[in-house]
Amino acid sequence: MKFRRQRLDEVSVNLTPLIDVVFLLLIFFMVSTTFTRETRLGVVLPEASGLPQAEMTDQVEVVISAAGEYRINGEQLVRADADTLRSALLALSREGTDRPLMITADADSSHQSVVRVMDVAGQLGFVNITITTQEPATD
């Protein structure tokens, strides 16, 4: 009796799909990784404990409410935008930009409202700009 020998196929592992998966994972991790490191700063705001300044009669006072409304020397502006603020301060700047400009902002008013007043006043030539503060509460 003659038995046939079984032919043995060569055993091999196909690495092509494995390499494809590794490259896809590499691309996925490269895309999803953030390379910028965000840092956070701890900001401690200073308290003002200086002597109060003598009140000047010839000054421009801008009061900013919590809602972002402006009052210039007691008169409320119609709108709370930069153009209205500029036109109101322009009328006062004709009397002289060397006059002190005092900004009084509510604690709940936005930072943008204060910066807008400072920006418009600086563009019109006001150089003596002060911001009012209150003394820190003593415990």
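Two strands pair if DSSP finds at least two bridges between them. Keep that rule at hand for the exercises below. The model is predicted.

**Exercise 1. Which residue of β2 stands opposite Ile-64, and how do β1 and β2 pair?**

Step 1. Find the two strands. Strand β1 covers residues 60-64, and strand β2 covers residues 70-72.

Step 2. Look across from Ile-64. Tyr-70 in β2 stands opposite Ile-64.

Step 3. Check the pairing. Three bridges link β1 and β2, and the sense is antiparallel.

A reminder: strands of a sheet pair through backbone hydrogen bonds, either parallel or antiparallel.

**Exercise 2. Describe the make-up of the chain, from the N terminus on.**

Step 1. Count the elements. The protein chain has three helices and five strands.

Step 2. Put them in sequence order. They run α-β-β-β-α-β-α-β.

Step 3. Add the burial figure. Of the 139 residues in the protein chain, 19% are buried.

**Exercise 3. Work out the order of the sheet and name the strands at its edges.**

Step 1. Start from β1. On one side, β1 pairs with β2 in the antiparallel sense.

Step 2. Turn to the other partner. β1 also pairs with strand β4 (residues 101-105), in the parallel sense and over five bridges. One bridge pair here is Val-60 with Leu-101 in β4.

Step 3. Move on from β4. Three bridges join β4 to β5, and the two run parallel. Leu-101 appears again: its bridge partner in β5 is Ile-129.

Step 4. Write down the whole order. The five strands form an open sheet, β3-β2-β1-β4-β5, with mixed pairing.

Step 5. Read off the edges. β3 (75-76) and β5 (129-131) each have a single partner strand, so one side of each has no neighbour in the sheet.

**Exercise 4. Find the salt bridges and say how accessible their Asp residues are.**

Step 1. Count. The structure holds two salt bridges.

Step 2. Take Asp-81. Its side chain meets that of Arg-79 in a salt bridge, at 3.5 Å from N to O. With a relative accessible area of 24%, Asp-81 is partly exposed.

Step 3. Take Asp-83. Its partner is Arg-86, and the closest N and O atoms are 3.8 Å apart. Asp-83 is exposed, at 54% relative accessible area. Arg-86 is partly exposed, at 27%.

Step 4. Place the second pair. Asp-83 and Arg-86 both belong to helix α2 (residues 82-93). They are three residues apart, so about one helical turn separates them.

**Exercise 5. Is Thr-84 buried or exposed, and what does its side chain touch?**

Step 1. Locate Thr-84. This residue lies in helix α2.

Step 2. Apply the cut-off. Buried means under 20% relative accessible area. Thr-84 has 14%, so Thr-84 is buried.

Step 3. Look at the side chain. A polar contact of 3.4 Å joins it to the side chain of Arg-79. Arg-79 is also the salt-bridge partner of Asp-81.

**Exercise 6. Classify the aromatic pair.**

Step 1. Search. The whole structure gives one aromatic pair.

Step 2. Identify the rings. They belong to Phe-28 and Phe-29, with centres 5.4 Å apart.

Step 3. Use the angle. Planes over 60 degrees apart count as edge-to-face. Here the planes stand at 65°, so the pair is edge-to-face.

Step 4. Check one member. Phe-29 has 48% relative accessibility and counts as partly exposed.

**Exercise 7. Describe the nonpolar surface patch and place Val-13 in the chain.**

Step 1. List the members. They are Val-13, Leu-15, Leu-18, Ile-19, Val-22, Phe-23, Leu-26 and Met-30.

Step 2. Give the area. Together they have about 800 Å² of accessible area.

Step 3. Place Val-13. This residue lies in the segment before α1 (16-32). At 67% relative accessibility, Val-13 is exposed.

**Exercise 8. Inspect two loop residues, Asn-73 and Val-127.**

Step 1. Asn-73 sits in the loop between β2 and β3. Its phi is near 50°, a positive value in a residue other than glycine. Asn-73 is partly exposed, with 37% relative accessible area.

Step 2. Val-127 sits in the loop between α3 (111-124) and β5. Val-127 is exposed, at 71% relative accessible area.

Step 3. Compare sequence with space for Val-127 and Asp-98. They are 29 residues apart in sequence, and their C-alpha atoms are 6.6 Å apart.

Methods:
Residues are numbered from 1 along each chain as its sequence is written. This is a predicted model: local features need pLDDT of at least 70, side-chain atom pairs count only at pLDDT 80 or more; totals for chains, interfaces and linings use all residues. Side-chain values use heavy atoms; hydrogens and water are left out. Rings of Phe, Tyr and Trp (its six-membered ring) pair if their centres lie within 6.5 Å; planes under 30 degrees apart count as stacked, over 60 as edge-to-face and the rest as tilted. Buried means under 20% relative accessible area, exposed over 50%, partly exposed in between (1.4 Å probe, protein chains only). A salt bridge is a side-chain nitrogen of Lys or Arg within 4 Å of a carboxyl oxygen of Asp or Glu. Helices (H or I, at least four residues) and strands (E, at least two) are DSSP runs, numbered from the N terminus. Patches are made of residues with over 30% relative accessible area and no salt bridge: like charges are joined within 9 Å, nonpolar side chains (Val, Leu, Ile, Met, Phe, Trp, Tyr) within 5 Å. Accessible areas come from the Shrake-Rupley method with a 1.4 Å probe; for residues, only the protein chains shown count as cover. A polar contact is a pair of N or O atoms within 3.5 Å; within protein, one must be able to donate a hydrogen and the other to accept it, and residues adjacent in sequence count only if both atoms are side-chain atoms.
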